[in-house]
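I opened this notebook to keep track of what I looked up in the structure, one topic at a time.

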Amino acid sequence: MDGNLRAVVVQACHNSRTDSPGSTCNEYDSAGQAVVWHREFLVEYLKLILKDFTSHMQHDKRLPEPDSVSAAHSARVAEFIRQRIAAAGGSISFAEYMQHALYAPGLGYYVAGTSKFGEAGDFVTAPEMSSVFGRVLARQAAEVLAATEGGAVFEFGAGSGRLAADILRALHELGELPLRYDILEVSADLRERQERLLRSEVPELTRLVNWVDAPPAEFPGVVIANEVLDAFPVERFRRTADGVQQLRVASHGESFEVVAADAPGMLRDAVAVIERDLGYALPPGYESEVSLGLREWVAGLGSALRQGVAFLFDYGVSRREYYAPGRDGGWLRCHFRHHAHNDALVLPGIQDITAWVDFTAVAEAAVANGLEVAGFAPQALFLMGGGLDLELQSLESLPAKKQLELSAQVKNLALPGAMGENFKCMALRRGDVKVPSAFRLTDRTHTL
Ligand SMILES: C[S@@+](CC[C@H](N)C(=O)[O-])C[C@H]1O[C@@H](n2cnc3c(N)ncnc32)[C@H](O)[C@@H]1O
């Protein structure tokens, strides 16, 4: 454990003192005792996260059968990937497999026209769950827009367009409409869907929306990315006694299998950075993921944002938790018809493949590119600090059925067993703009 972490631990211990009078942390604790306390806490905390993670896995061992149209589509995607594997001489990196399965032109999961979001799709994101998410985020965006001249909103990966509609509507009500609302969406199919939804839900505000191919230079305002980082292709690796292997994908008859090869330099370097930061080598046999594209993406954000705040939401943990000794199977999560599991090699093109986010890596890349971490909090505390109470003020005046619906939605957004704890918000800022008020309840940047 390095000196910085020790300091963080002691600070965490002191922060928690008033909350847990019975804990071993009191003003007489030495740093050593604090470290023991923190380790125990970390182990318990990880068990909690893993319980949630593995309960999905166990629950969803039996995946539903795809319908015939989906199965035929998946067979085409599989054939496309097999051709790539053959052209590459027998195997491709896992990141390349994930890139094809999600984004192959005309074929990939996010590119072809299947339902993905909501009840009819494979998974539900926070904005699909409740407009309360977008409305609270709009309150935070309004604070930033009020402080920036000519401020705009820039959303990465807008999904169905639901979040953009909710934010625009709420900003209109708050009297803080942005100059523009730009969307960068890599999927042409989703662009079309976003446009349709916005035209039908907020027709009078659609004039503000533009679809762009890159972030603008010198951008003032608010950047939003909800569940985008988890959709970046990741490399998979295995630590061996004397090096690092890259886990690759080969074809085996009609299916795919994992094969290992010596890791290329970039992957070896990435694992070396992780181990240097952890302060120890990962044990032989340990397998996990690393997102090599993340750094470049954050660098792009750093050069785009002149003044303002980027709000990044995703399921993720700190690096210490991500690469904890017991977490030796990695953090992949796939979704098919609301079943979560970790086999990315089945159902190519018709299931979502994601990886939890190492938020320490996001923070490092941000700082390296001139951005400051303005806050890091679980989604529940972000929402509660950001005006959830104001959104619920009118709850009692609603009809009973609506009250029940809204409270069920808020529970899903905020309860620890749902999206409240595992989903985090990291805010990055640059220039003369205040820390978003949503972090008034907590800021866990010190845990990164
Ligand atoms: C899980 S969906 C989330 C959609 C939406 N933000 C929501 O919360 O419902 C992931 C989205 O990220 C988009 N995406 C993936 N990589 C991207 C990138 N490099 N830049 C912009 N969008 C990207 C996908 O096309 C998709 O719209």
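**Entry 1: a methionine.** Is methionine 426 buried or exposed? I note before going on that the model is a predicted one. I looked up the surroundings of methionine 426 and found 26 other C-beta atoms within 10 Å, and because the cut-off for a buried residue is 20 or more, methionine 426 counts as buried. I placed methionine 426 in strand E16, which covers residues 423-430. Leaving aside residues up to four places away in sequence, I listed its contacts as Leu312, Phe359, Val362, Val373 and Phe376. I also checked alanine 310, which is 116 residues from methionine 426 in sequence, while the C-alpha to C-alpha distance between them is 8.1 Å.

**Entry 2: the strands around E10.** Following leucine 312, I found that its bridge partner in E16 is methionine 426, and that E10 and E16 run antiparallel, joined by eight bridges. I then turned to strand E5 (residues 219-226), which pairs with E10 in the parallel sense, over eight bridges; here isoleucine 224 stands opposite phenylalanine 311 in E10. Strand E14 (residues 357-358) is also parallel to E10, with two bridges, and I noted valine 357 in E14 as the bridge partner of glycine 316. As for E10 itself, residues 305-317, I recorded that eleven of its 13 residues are buried, so that the strand is mostly covered.

**Entry 3: helix H15.** I asked what span the 15 residues of helix H15 (residues 400-414) should have at 1.5 Å a residue. The expected value is 21 Å, and the end C-alpha atoms are 21 Å apart, which agrees. I found Val410, Leu413 and Ala414 buried in H15. Seen down the helix axis, the buried residues of H15 fall within an arc of 80°, so they line one face. On the other side of H15 I noted Ala400, Lys401, Leu404 and Ala408 as exposed. I also looked up what the buried residues of H15 pack against, and listed helices H5 (126-129), H6 (131-147), H13 (379-385) and H16 (416-420).

**Entry 4: the ligand.** I looked up the 19 residues around the ligand, of which Thr125, Gly157, Gly159, Asn226 and Glu227 come nearest. Sorting the shell by residue class, I obtained eleven nonpolar, five polar and three charged residues.

**Entry 5: the whole chain.** I recorded 16 helices and 16 strands for the chain, and buried residues make up 45% of its 448 residues. Of the contacts with a separation of 6 or more, 79% join residues 24 or more positions apart.

Technical notes: Residues numbered from 1 in each chain as written. Predicted model: local features only at pLDDT ≥ 70, side-chain atom pairs only at ≥ 80, totals over all residues. Helix = DSSP H or I, 4+ residues; strand = E, 2+ residues; numbered from the N terminus. Buried ≥ 20, exposed ≤ 12 C-beta atoms within 10 Å, placed from the backbone. Contact = placed C-beta atoms within 7 Å. Expected span 1.5 Å × (residues − 1). Arc of directions from axis to C-beta. Near = placed C-beta within 6 Å. Nonpolar A, V, L, I, M, F, W, Y, C, P; charged D, E, K, R; others polar. Pairing = 2+ DSSP bridges.
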